[in-house]
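Hi everyone, and thanks for making time today. I'd like to walk you through a structure that is new to most of us, so please take a look at it before I start.

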Amino acid sequence: MEIADKLCKKAAFMDVTLNELQEKITEEGAVIEGVNGNGFKVKMDNPAIRSYNTMFKNYSAAMKQLIELLPETGQYSDEFMTFVMGRKK
């Protein structure tokens, strides 16, 4: 339960951060205008996309680990379901 609790907290943090990054990308666009080292305006990928993609991979891995912690029989204890449902708030 302790490992699942820590993993849930990390996954929740990543979920919130992914939403923030997604909003930023939606507002600014996937391609932004910046200035290169020579002072010229250039179009480049929004740096938030790289952060989003990296974090999404980590989030997916965390969710997979949480799913693997579920009982294989499909029978969930009341305590476990209370724990899982309490994390959705």
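**A first walk along the chain**

If you read along the sequence, the protein chain follows the pattern α-β-β-α-α. In other words, there are three helices and two strands in this chain. Please keep in mind that this is a predicted model.

A couple of figures for the whole chain before we zoom in. The protein chain has 89 residues, and 21% of them count as buried. Among the contacts in the chain with a separation of 6 or more, 53% are between residues 24 or more positions apart.

Let's start with helix α1, which covers residues 2–28. Does the length of α1 agree with what its 27 residues should span, or disagree? At 1.5 Å a residue, the expected span is 39 Å, and the end C-alpha atoms of α1 are 39 Å apart, so the two agree. Just after α1 comes glycine 29, which takes a positive phi of about 95°.

Now for the partner of α1. Helix α2 runs over residues 47–68, and the two helices pack with their axes 9 Å apart, at an angle of about 150°. An angle over 145 degrees counts as roughly antiparallel, and that makes α1 roughly antiparallel to α2. As for handedness, α1 passes α2 in a left-handed crossing.

Who meets whom along this pair? On the α1 side, the residues in the contact include Ala4, Leu7, Ala11, Leu18 and Ile25. On the α2 side, they include Tyr52, Met55, Tyr59, Met63 and Leu66. Sorted by class, the contact of α1 with α2 has 17 nonpolar, five polar and two charged residues.

Which residues of α1 are buried? They are Ala4, Asp5, Leu7, Cys8, Ala11, Met14, Thr17, Leu18, Leu21 and Ile25. While you look at that list, here is a helpful rule: an α-helix has 3.6 residues a turn, so residues three or four places apart point the same way.

Let me introduce a few of these residues one by one. Alanine 11 lies in helix α1. With a relative accessible area of 4%, alanine 11 is buried. Leaving aside its neighbours within four places in sequence, alanine 11 is in contact with Tyr59, Ala62, Met63 and Leu66. Take tyrosine 59 from that group: alanine 11 and tyrosine 59 are 48 residues apart in sequence, yet their C-alpha atoms are 6.0 Å apart in space.

Further along α1 we find leucine 18. Leucine 18 is buried too, and its relative accessible area is 5%. Not counting residues up to four places away in sequence, leucine 18 touches Tyr52, Met55, Phe56 and Tyr59. From leucine 18 to methionine 55 there are 37 residues along the chain, and their C-alpha atoms are separated by 7.1 Å.

What about aspartate 15, also in helix α1: is it buried or partly exposed? Aspartate 15 has a relative accessible area of 33%, so it counts as partly exposed. The C-alpha atoms of aspartate 15 and methionine 55 are separated by 9.0 Å, with their positions 40 residues apart along the chain.

Finally, let's cross over to helix α2, where methionine 63 has its place. Methionine 63 is partly exposed, with a relative accessible area of 31%. Methionine 63 and leucine 7 are 56 residues apart in sequence, and 8.5 Å apart in space from C-alpha to C-alpha.

If you take one picture away with you, let it be α1 and α2 packed at about 150°, with α1 roughly antiparallel to α2. Thanks for listening!

Methods. Residues are numbered from 1 along each chain as its sequence is written. This is a predicted model: local features need pLDDT of at least 70, side-chain atom pairs count only at pLDDT 80 or more; totals for chains, interfaces and linings use all residues. Side-chain values use heavy atoms; hydrogens and water are left out. Axes are lines fitted to C-alpha atoms, for helices over the stretch in contact, and angles run from 0 to 180 degrees between N-to-C directions. Helices (H or I, at least four residues) and strands (E, at least two) are DSSP runs, numbered from the N terminus. Angles under 35 degrees count as roughly parallel, over 145 as roughly antiparallel, 65 to 115 as roughly perpendicular and the rest as oblique. A crossing is left-handed if the near helix is turned anticlockwise from the far one by less than a right angle, and right-handed if clockwise. Contact means heavy atoms within 4.5 Å. Ala, Val, Leu, Ile, Met, Phe, Trp, Tyr, Cys and Pro count as nonpolar, Asp, Glu, Lys and Arg as charged, and the others, Gly among them, as polar. Buried means under 20% relative accessible area, exposed over 50%, partly exposed in between (1.4 Å probe, protein chains only). The expected span of a helix is 1.5 Å times one less than its number of residues.
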